[in-house]
Amino acid sequence: ESMATLNHAAAAAMREAGASACTDITGFGLFGHLIRLLRQHRLTARVVAEALPAFNGVLDALRHDVIPGALERNREFVGADLEMEPTVDAAWANLGFDAQTSGGLLIAIAPERLETLQRSLAARGACGFVIGRLVGNSSGRIVLGHSADFPACCAAGLEPGSTKFAGDATQSEMMKPIPPPEAHAPGCCADLFGGPAATSTTAESQKAFGALMRSVQAAGALDAKAKELILFSLVLQSRCQPCFDAHYETARKLGITPAELDEAAWCAIAMGGAPVKMFYQECLARVRP
């Protein structure tokens, strides 16, 4: 649900409040995206470890060395530009390095505009967290520490669908949670999850997935042939051999020519590089003797 939540509400609030800078949090993780901003503007940010929002169970997983590979690459990218206070749990640092598939927005805003941003976020049903402040000039540095006046209520698990933000705030303003209103705007993606709960079994999940696949492949605004070429390109990106075999057969039944498949393949190769090209060549050796 969180990954399906768009950033449009937080973006609108940010524009209304007159934010100074912003980035979405994706593959580089929170610290990776933050350090890019700090290096560009030659600033230091002090981040409060306990203020970082996290789903329940995430920190426990990190403390048990459940460490995704991208986390280590993000740590290398930030390098020595992260300074941790001695008493900070390493799990908080790992949380900051963790890559996000679809995170929220990291927003920098002047202290005098923070309250306006908070009101604007709340009015749109977006949840925000002040996680730190800009504290001075440098070549680009993050200081991860503690805050003596950190309110414990904010350390609880982040509710799915919320939007995170950081403000350039005074110490007394730090860590003010923004409770979202009960209602959400019409068309909000939360509507997708508001229906009655479905039975959670493997059979039901497989049935629902099958229905999704049939719906995706059916003709709509795009005809079935165009959709199959898109799916074929995506299959090559994933480098799944059984998926390739199934979609190659479907494509041929739809009358898609080898030349058309080759063009779709080169779209995938352009995005995925040599590994995708090698995979395609190996598959073709089996189906085009």
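Where is Asp65 found? Point 8 returns to this residue after an outline of the whole chain; in short, Asp65 is in the loop between helix 3 (58–63) and helix 4.

1. Overall content. The structure is a predicted model. Its protein chain contains 11 helices and six strands. Of the 289 residues in the chain, 38% are buried. The accessible surface amounts to about 15,800 Å², and carbon and sulfur atoms account for 57% of that surface. When contacts between residues at least 6 apart in sequence are considered, 82% of them join residues at least 24 apart.

2. Strand 6 and its partners. Strand 6 covers residues 141–145, and four of its five residues are buried, so that the strand may be described as mostly covered. Strand 2 (residues 43–48) runs parallel to strand 6, and five bridges join the two. Strand 3 (residues 82–84) also pairs with strand 6 in the parallel sense, in this case over three bridges. Val143 of strand 6 appears in both pairings: Val143 is the bridge partner of Arg46, and Glu83 stands opposite Val143 as well. As general background, side chains in a regular strand alternate between the two faces of the sheet.

3. Helix 2 against helix 5. Two packed helices are described by the angle between their axes and the distance between the axes. For helix 2 (residues 29–41) and helix 5 (residues 90–97), the angle is about 70 degrees and the axes are 3 Å apart. The two helices are therefore roughly perpendicular to each other, as an angle from 65 to 115 degrees is classed in that way. On the side of helix 2, the contact is made by Gly29, Leu30 and Phe31; on the side of helix 5, by Trp92, Ala93, Gly96 and Phe97. Five of the residues in this contact are nonpolar, two are polar and none is charged.

4. Phe97. This residue of helix 5 deserves separate attention. Its relative accessibility is 2%, and Phe97 therefore counts as buried. Its contacts, leaving aside neighbours within four places in sequence, are Phe28, Gly29, Phe31, Leu71, Asn74, Arg75, Val78 and Leu82. Gly29 is 68 residues away from Phe97 along the chain, yet their C-alpha atoms are separated by 5.0 Å.

5. Asn74. Helix 4 (residues 69–78) contains Asn74. Is Asn74 buried or exposed? With 6% relative accessibility, Asn74 counts as buried, because the cut-off for that class is under 20%. Beyond its neighbours within four places in sequence, Asn74 is in contact with Gly27, Phe28, Gly29, Phe97, Asp98 and Ala99. Phe28 and Gly29 are also among the contacts of Phe97.

6. Phe244. Further along the chain, Phe244 belongs to helix 9 (residues 241–253). Phe244 has a relative accessible area of 0% and is therefore buried. Which residues does Phe244 touch, not counting residues up to four places away in sequence? They are Phe232, Val235, Leu236, Phe279, Tyr280, Cys283, Arg286 and Val287. Of these, Cys283 is 39 residues from Phe244 along the chain, with 7.7 Å between the two C-alpha atoms.

7. Helix 6. In helix 6 (residues 111–123), the buried residues are Leu114, Leu117, Gln118, Ser120, Leu121 and Ala122. The buried residues of this helix pack against helix 1 (8–17) and strand 4 (105–108). Just after helix 6 comes Gly125, which takes a positive phi of about 80 degrees.

8. Backbone at Arg42 and Asp65. Most residues other than glycine have a negative phi. Arg42 is not a glycine, but has a positive phi of about 55 degrees. Arg42 lies in the loop between helix 2 and strand 2. A relative accessible area of 53% makes Arg42 exposed, because that class begins over 50%. Asp65, also not a glycine, has a positive phi of about 65 degrees. The loop that holds Asp65 runs between helix 3 and helix 4. At 64% relative accessibility, Asp65 counts as exposed.

Notes. Residues numbered from 1 in each chain as written. Heavy atoms only, no water. Buried < 20%, exposed > 50% of the residue type's maximum accessible area, 1.4 Å probe, protein only. Pairing = 2+ DSSP bridges. Axes fitted to C-alpha atoms, helices over the stretch in contact; angles between N-to-C directions. Parallel < 35°, antiparallel > 145°, perpendicular 65-115°, else oblique. Contact = heavy atoms within 4.5 Å. Nonpolar A, V, L, I, M, F, W, Y, C, P; charged D, E, K, R; others polar. Areas by Shrake-Rupley, 256 points an atom, 1.4 Å probe, with all protein chains shown as cover.
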